[in-house]
Amino acid sequence: MSTNTLTRNSGSNKQARSSKLTANKTQPAALGDPVADVDVRAHEDIRAVLVDWKRYPSPVRPMGSDSATTRCNAASGGTLVRLSGMNKILRITAESVTVQPGVRIGELAEALAEQGLELPCGCDVADRTIGGVVAAPALQAGLPADGGQLAGHVIALKLITPSGRKLEVSQRNARLLSMMRLSYGLLGVIYEITLRVRKIRGFTVQHRKCDFTTLSGLVPKLMQLNAGIKFWLLPFRDRVYLELRRADAQAAEGRRLSWRIKEWAAYTALPSFARSLSRSIPVRQLRYPLIDRFSEATQGLVGATLTQSGSNSIEQTGKFRRLEVNPTFNYCTWVFSGERFSQTLMAYRYYCREYYQRTGFRCDMPAIGHRLNRDNSALLSPSFHASMMSITSMSTDQKGWEDFALGLDEFAQQNGGSPFFNQTKGASIERVNAAFDTRLPFFRKVRAQFDPDDRMLNQYFAGLIT
Ligand SMILES: Cc1cc2nc3c(=O)[nH]c(=O)nc-3n(C[C@H](O)[C@H](O)[C@H](O)COP(=O)(O)OP(=O)(O)OC[C@H]3O[C@@H](n4cnc5c(N)ncnc54)[C@H](O)[C@@H]3O)c2cc1C
């Protein structure tokens, strides 16, 4: 056990976090809450939790910054293990960095930047933890050579297995390492991570505006392009904003402030504007066109003019956004085959419009898309076999959102979509089985060997992967 007292938080997942109890007091839990809610500071703390079934009942669920939008972190009646206190950067060399899992991407990017280094990934939500991005997939507008996931750049991991054993996995055991990456905390709690780093590299950014039909025609070319690809979809304006990032050693590094303003406009100003309009203009036929125009202006002015160049380092250190436990907007991500994405894109536009006509609900924020480069470095990688395209639907409207998000499962079924267990609300078991084909039965077998007593299996995963 570490010298720190193992502390327990009162309240439930995504709720109260402030008050702390010492480990031997009991806390009555509401239905669905964890019985124990623990801040860990060292691997001995994690072990102490995992071996003590009485004080720390199952399921034991590790948690980073808790920004997942599904119940992958839920520990109903069990034990929540918060890793955000394990936030030390342990070692930086010219080729790699070793960190505890609770370090935030933004903090790490800052420390690396001081030495002229950066992460070889374009993950843009800087407030999430390295543990969260290694244990679960993330979207990024990365160059094909950088792969699809930050997890692919992990060269060594240390974890405590569900039975409380210490395990070190490195590239020497590549198969086991591929199992551990994106394993959602089902094979153990990761307490140390070594990642590849590189010298800061510049990229140029090209912005394009077009309609859905034009983008649909460009898809085959985009799937082959040696660029990072991100796009914003406004189905009700038939408008697409495309951003292409190309490696360019001569490119100016870009300005932090510009990237910060860009993100502020998209993730703070726009949702705030949409929410305040929904209070002041209840008539949706008047409100939505105003929000769409604001989105277009944001893209046109802020996106295209401010960020002509950058680097992963500048983008990740230029973040101001703190991940909120209850964010001001909802989102749901599905990934689709790149080969069929021309049709999927048109179908998505049709789906959004038809859904609005039928139910009166539509997303008030633009959907965001990324090309997810082929990456078979993790068994459960969403782009294991080929590069994919993602669509993340986003909305500030609560009323109607849940049904819309659940309806996307049917849309995904018709269009061959694959879910992320941490970002896709309402994925059905049928979609999960279809998406992960023979990899899922294999993962099940491995999980059963690592965790025969289901110490880390919560209801959410029990319903989807067992
Ligand atoms: C407002 C908002 C915007 C977002 N935008 C994006 C976006 O643009 N792109 C994108 O890709 N994602 C986005 N996300 C999603 C989110 O960043 C990802 O889900 C990410 O995985 C979360 O990291 P985290 O630290 O919050 O992990 P958590 O949500 O805490 O955990 C994710 C999973 O990893 C497991 N885990 C965490 N730490 C460990 C560990 N040490 N050992 C073992 N398992 C562990 C958990 O059990 C869980 O299964 C957004 C989220 C929010 C709230």
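Modeller: A polar contact is a pair of N or O atoms within 3.5 Å. The model under discussion is predicted.

Colleague: How far does a backbone N or O atom of Tyr-184 lie from an oxygen atom of the ligand?

Modeller: The cut-off for a polar contact is 3.5 Å between N or O atoms. The pair here joins a backbone N or O atom of Tyr-184 to a ligand oxygen, and their separation is 3.4 Å.

Colleague: Which residue places a side-chain N or O atom 3.1 Å from a nitrogen atom of the ligand?

Modeller: Pro-62 uses a backbone N or O atom, 2.6 Å from an oxygen atom of the ligand. The contact to a ligand nitrogen, at 3.1 Å, instead comes from the side chain of Arg-128.

Colleague: What share of the ligand's exposed area does the protein bury?

Modeller: The ligand is surrounded by 34 residues, and the closest include Thr-129, Leu-139 and Tyr-331. Taken alone, the ligand exposes 970 Å². Of that area, the protein buries 97%.

Colleague: What distance separates the centres of domain 2 and domain 3?

Modeller: The domain assignment places domain 2 at 89-200 and domain 3 at 203-310 + 328-427. Their contact takes 21 residues from domain 2 and 32 residues from domain 3. Taken over C-alpha atoms, the centres lie apart by 26 Å.

Colleague: How many residue pairs are in polar contact across the interface of domain 2 and domain 3?

Modeller: The area buried between domain 2 and domain 3 is about 2,100 Å², with 57% from carbon and sulfur atoms. On the side of domain 2 that touches domain 3, there are eleven nonpolar, seven polar and three charged residues. Between the two domains the count of salt bridges is zero. For residue pairs in polar contact, both at pLDDT 80 or more, the number is ten.

Definitions and conventions. Residues numbered from 1 in each chain as written. Predicted model: local features only at pLDDT ≥ 70, side-chain atom pairs only at ≥ 80, totals over all residues. Heavy atoms only, no water. Domains from an automatic or database assignment. Contact = heavy atoms within 4.5 Å. Buried area = accessible area lost by both parts, 1.4 Å probe. Salt bridge = Lys/Arg side-chain N within 4 Å of Asp/Glu carboxyl O. Polar contact = N/O pair within 3.5 Å; in protein donor to acceptor, adjacent residues only side chain to side chain. Nonpolar A, V, L, I, M, F, W, Y, C, P; charged D, E, K, R; others polar. Near = heavy atom within 4 Å. Areas by Shrake-Rupley, 256 points an atom, 1.4 Å probe, with all protein chains shown as cover.
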